[in-house]
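Subject: Structure handover

Hello,

Here is the structure for you to take over. Please open it first, then read the notes below.

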2 protein chains.
Amino acid sequence: MTRRERLRAETTAEIKEIALKLMAAGGPDAISLRAIARDMGMTAGAIYSYFATRDDLVTTLIADLYTALVDEAESARDAVPAADPGGRVLAWAQTVREWALANPQGFRLIYGDPVPGYQPPEDGPANEAEHRACRGLTGLVAAAWTGPGPGSYTWSDFDPGLAADIRATFPDLPPDAVALTLRVWGRMHGLVALEIYGHLRTLTRDPAAIYRDEMIALITSLGLTPPATPHQRG
Amino acid sequence: MTRRERLRAETTAEIKEIALKLMAAGGPDAISLRAIARDMGMTAGAIYSYFATRDDLVTTLIADLYTALVDEAESARDAVPAADPGGRVLAWAQTVREWALANPQGFRLIYGDPVPGYQPPEDGPANEAEHRACRGLTGLVAAAWTGPGPGSYTWSDFDPGLAADIRATFPDLPPDAVALTLRVWGRMHGLVALEIYGHLRTLTRDPAAIYRDEMIALITSLGLTPPATPHQRG
DNA sequence: CGAACTTTCTACACGCCGTTCAATTCGTAC
DNA sequence: GTACGAATTGAACGGCGTGTAGAAAGTTCG
């Protein structure tokens, strides 16, 4: 690795690092090339040597954040024995909410309007991370899947790449289970999104309890046994 | 009403109208005072006679949109006889999704990051519309509420104004039912938010069916009978 | 070593934005 | 008709993303 390559990697990392710092402080809108350059003692134009445009930088940040989120969710899931599928679902769900609370601006960047005028690209690593999250959720649903389902869906109802991926990993899983996976995703997402965007905190003092109750109900509705936990508030 | 008052009301309405048009075309970020003024053949500074700041205009727009959404949901609910509480829930849910699909940028404005640097005020008509939505949902839950619940919640867990409001309208409803209401809200919100922000459409070709299945399951989990409807796709 | 080339960076320009302010028009009321 | 106040203009300030020209510095090859 030449000196130039090393410097380039360091500068790229520093740009992303400062961008994340600015985002954490002032929200996704605070990610401005001029502010980053100011922090680095550079000019705004210099960043164009590392990212073709500001949207490219944002896309990279989204991919990094999304990957970090899925990493955390996966290891939290794997910390619960496979013999406790309900506990694995809860571990995943709690990790998602806690990550969102710890990185609210990151959550907004991934799931909301990232920055003014940003249009997410069709492909790219961000999409890869989303597929990974979907695969993880499908695994949780697969562990709970019993019946054949009503047969309302076909594989053609889903993204071809995702469908092929799931069929390779879970050969016996019908398309109905993928539909259920998306429903589970929505159910986990709803309360967290409302909370992060401030719609829940003004109405209740204990969003954690609401979310926990909902996730217990979700686990029960999957036919699993929710982990027995002490009644805790906060 | 004097001529000046009439002109003022007309101009205020025109500003909001153009702002909504710009938002529908280019997203919440496209709401710029300069663009509005350009469309009206005015100067940007002139708008400050009508709205103290751009955030004030945005707050007004949010309140208007939120009120329109709740209006639609309420009349869709009332179009279903009260003897069919499951049908009322479905009518509310479908209206929310369809309104969001018809006004995706409005949905983002209400439930997402509205515009760069915007901070929602604590009070204001937007908050009032949110309370109205919450009251509507509570009515749907109240129609399904049977048991006393586990008693996990107290009235102090919720916003005092909302709690007082609900206790006045539904004297026999315990706080547990309000917690359930928030969970129902989250469950209706999740899939719609994912769809509007483009996370669902890339994974499935039929978000409507997924959402419908989820709402049927929600109605069933409330102990209600979902309306029997033909199996339709789209 | 030194010349040729590439990458990185600055400086400046353009057009966009929200916001402020003095000056000016113009409807209204006395 | 004149005085008042609301509506509006036009210019300004600072900030933004994005280009472009040219200087500076690293890399490669003769």
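**Helix 2 and DNA strand D**

Helix 2 of chain A gives the largest share of the surface near DNA strand D, with 3 residues. A residue is near a strand if its C-beta atom, placed from the backbone, lies within 6 Å of it. Helices (H or I, at least four residues) and strands (E, at least two) are DSSP runs, numbered from the N terminus.

Two notes on the source. This is a predicted model: local features need pLDDT of at least 70, side-chain atom pairs count only at pLDDT 80 or more, and totals for chains, interfaces and linings use all residues. Residues are numbered from 1 along each chain as its sequence is written, while chains are lettered from A and ligands numbered from 1 in the order in which they are written.

**More on the DNA**

Strand D has 19 residues around it. R3(A), R4(A), S32(A), R54(A) and G45(B) come nearest. Both chains take part: helix 1 (3-26), helix 2 (33-40) and helix 3 (54-78) of chain A and helix 1 (3-26) of chain B each supply at least two residues. By type, the surface near DNA strand D has 5 nonpolar, 8 polar and 6 charged residues. Here Ala, Val, Leu, Ile, Met, Phe, Trp, Tyr, Cys and Pro count as nonpolar, Asp, Glu, Lys and Arg as charged, and the others, Gly among them, as polar.

Now DNA strand C. It has 20 residues around it, and T43(A), R3(B), S32(B), R34(B) and R54(B) come nearest. Helix 1 of chain A supplies at least two residues of this surface, and so does each of helix 1, helix 2 (33-40) and helix 3 (54-78) of chain B. Helix 2 of chain B gives the most, with 3 residues. The split near DNA strand C is 6 nonpolar, 8 polar and 6 charged.

**How the two chains relate**

Chain B can be laid on chain A with an RMSD of 0.1 Å. That takes a turn of 180 degrees and a shift of 0.0 Å along the axis. The copies are superposed by least squares on the C-alpha atoms of residues with pLDDT of at least 70 in both. The two copies are thus related as by a two-fold rotation axis. In chain B, the C-alpha of G190(B) is nearest the axis, 1.7 Å from it.

At the interface, 42 residues of chain B are in contact with 42 residues of chain A. Contact means C-beta atoms, placed from the backbone, within 7 Å. On the chain B side, helix 5 (104-111), helix 6 (125-144), helix 8 (175-196) and helix 9 (207-221) each give two or more residues. Helix 8 of chain B has the largest share, 11 residues. This side of chain B divides into 19 nonpolar, 11 polar and 12 charged residues. 100% of the interface residues of chain B are also interface residues in chain A, so the copies meet through the same surface.

**Within a chain**

Chain A has 9 helices and 0 strands. Its C-alpha atoms fill a box of roughly 60 × 45 × 35 Å, taken along the principal axes. Among contacts in chain A between residues at least 6 apart in sequence, 69% join residues at least 24 apart.

In chain B, L69(B), E72(B), A73(B), A76(B) and R77(B) of helix 3 meet residues of helix 4, including W92(B) and W99(B). This contact divides into 7 nonpolar, 1 polar and 3 charged residues.

Best wishes

Conventions:
Two residues are in contact if their C-beta atoms, placed from the backbone, lie within 7 Å.
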